[in-house]
Amino acid sequence: MPTYDYSCKECGKKFSKVMLVSEYEKSRVACPKCQSRKVARVLSTFYAKTSKKS
Ligand SMILES: [Zn+2]
């Protein structure tokens, strides 16, 4: 299952959720700390790691 990373715009809390894509499209993500819905999706850096030749 894909992991979705979020950053809360209210308190700055960073958290991640693991859920199905279908769940992701339906669900409303709230900050686990302050319950704010003002969360921004953060793209995982996991996929950004390309094979750079040193
Ligand atoms: Zn928050």
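Here is a short briefing on the fold of this chain and on a few residues worth finding in the viewer. Please keep in mind that the model is predicted. The protein chain holds one helix and three strands, and from the N terminus on its elements follow the order β-β-α-β. Of its 54 residues, 7% count as buried.

**Overall layout**

- Contacts in the protein chain with a separation of 6 or more include a share of 42% from residues 24 or more positions apart.
- The three strands make up an open sheet, with S2-S1-S3 as the order and antiparallel pairing.
- Strand S2 (14–18) and strand S3 (39–42) are at the edges with a single partner strand each, so one side of each has no neighbour in the sheet.
- On average, and ignoring direction, neighbouring strands of this sheet are turned by 35° against each other.
- As general background, the strands of a sheet pair through backbone hydrogen bonds, in either a parallel or an antiparallel way.

**How strand S1 meets its two partners**

- Strand S1 covers residues 3–8 and pairs with S3 in the antiparallel sense over four bridges.
- S1 also pairs with S2, again in the antiparallel sense, and here there are five bridges.
- Asp5 is a handy residue to click on: Ser16 in S2 stands opposite it, and so does Val42 in S3.
- Thr3 has Val18 as its bridge partner in S2.
- Ser7 stands opposite Ala40 in S3.

**The loop between S1 and S2**

- Five residues lie between the strands in the hairpin of S1 and S2, where Gly12 takes a positive phi near 80°.
- Gly12 is found in the loop between S1 and S2.
- Is Gly12 buried or exposed? Gly12 is exposed, because 10 other C-beta atoms lie within 10 Å and a residue with 12 or fewer counts as exposed.
- Gly12 and Lys33 are 21 residues apart along the chain, and their C-alpha atoms are separated by 9.6 Å.

**The loop between H1 and S3**

- Gln35 lies in the loop between helix H1 (21–26) and S3.
- Which sign does phi take at Gln35? Phi is positive there, at about 65°, although Gln35 is not a glycine.
- For context, most residues other than glycine have a negative phi.
- Gln35 is exposed, with 10 other C-beta atoms within 10 Å.

**Two residues of strand S3**

- Ala40 has its place in strand S3, and Ala40 counts as exposed because it has 11 C-beta neighbours inside 10 Å.
- Leaving out residues up to four places away in sequence, Ala40 touches Tyr6, Ser7 and Lys9.
- One of these, Ser7, is the residue that stands opposite Ala40.
- The C-alpha atoms of Ala40 and Asp5 are separated by 8.5 Å, and the two residues are 35 positions apart along the chain.
- Arg41 also has its place in strand S3, and with 11 C-beta neighbours inside 10 Å, Arg41 counts as exposed.
- Which residues does Arg41 touch, not counting residues up to four places away in sequence? They are Tyr4 and Tyr6.
- Between the C-alpha atoms of Arg41 and Tyr4 there are 7.3 Å, although these residues are 37 apart along the chain.

**To take to the viewer**

- For the sheet, begin with S1: it pairs with S3 over four bridges and with S2 over five bridges.
- For the loops, look at Gly12 between S1 and S2 and at Gln35 between helix H1 and S3.
- For links between S3 and residues far from it in sequence, try Arg41 with Tyr4, 37 residues apart along the chain, and Ala40 with Asp5, 35 residues apart.

Notes: Residues are numbered from 1 along each chain as its sequence is written. This is a predicted model: local features need pLDDT of at least 70, side-chain atom pairs count only at pLDDT 80 or more; totals for chains, interfaces and linings use all residues. A residue is buried if 20 or more other C-beta atoms lie within 10 Å of its own, exposed if 12 or fewer, and partly exposed in between; C-beta atoms are placed from the backbone. Two residues are in contact if their C-beta atoms, placed from the backbone, lie within 7 Å. Two strands pair if DSSP finds at least two bridges between them. Axes are lines fitted to C-alpha atoms, for helices over the stretch in contact, and angles run from 0 to 180 degrees between N-to-C directions.
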